[in-house]
Amino acid sequence: MKHAKALAVLALALAVSGCSQPEEEAVRAFEVPDSLCGTPVAPDLLSPLLPAGGEKIEVRQRDAAVRDALGCSVVVDNTVVLSSSWGWEEIETNPGREARENPYVRRDKYESKDGTYVYAERGGVGKVTCEPVKQHRKGEMELYLGIIVSDPGRPDAAAVEKLLKAYAKALEKLPQCVQK
């Protein structure tokens, strides 16, 4: 009887451990894009913010409907997982003020030492350096960008910061930013 109980406990332990096999890691069937809204961005900067698995990816452009803001959405398997936008704001606007419009960025989360961007695990806002300051139809304006990571399973503040910095550098080269 003593051995029967031990065998029963062992059999139960084996049965439970057999049921709790580690889940297989999700696999991406898509290739991470090398641009965001038509602006070159290294795929390794986008990758950590995209789902670990999925079949199909597409980047959908958005029209400049509000305040001359342009942007796009990264869609994986018909779900928006990341959005990006950039637009012109009045001089003296700061990223903290712009971050209030981004539901995923708390102003007090992380801020760059130079005050040019704020970010959190699921998004960020940054100022793009356009020299000289762009004369816009409404006066002098500065270019700002925003990133929103909609997929709650991939929060990563360090990855958001890296993407913000690289994307801002890439936007500095846009014809809309460069004045000659």
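How many disulfides does the structure hold? Just 1, counting a disulfide as a pair of cysteine sulfur atoms within 2.5 Å. Before I go on: this is a predicted model, where local features need pLDDT of at least 70, side-chain atom pairs count only at pLDDT 80 or more, and totals for chains, interfaces and linings use all residues. Residues are numbered from 1 along each chain as its sequence is written, and side-chain values use heavy atoms, with hydrogens and water left out.

OK, the disulfide. Cys37 and Cys72 form it, with their sulfur atoms 2.1 Å apart. Cys37 sits in the loop between β1 (35-36) and β2 (39-40) and Cys72 in strand β4, so the pair ties together parts that are 35 residues apart in sequence. Strands here are DSSP E runs of at least two residues, and helices are H or I runs of at least four, numbered from the N terminus. The torsion about the S-S bond is about -85 degrees, so this disulfide is left-handed.

Are the two cysteines buried or exposed? Cys37 counts as buried at 12% relative accessibility, and Cys72 is buried too, at 1%. Buried means under 20% relative accessible area, exposed over 50%, partly exposed in between, with a 1.4 Å probe and protein chains only.

Now the strand around Cys72. In β4 (residues 70-76), 6 of the 7 residues are buried, so the strand is largely enclosed by the rest of the structure. Strand β3 (residues 57-62) pairs with β4 in the antiparallel sense over 6 bridges; pairing takes at least two DSSP bridges between the strands. Cys72 also turns up here, as the bridge partner of Gln61.
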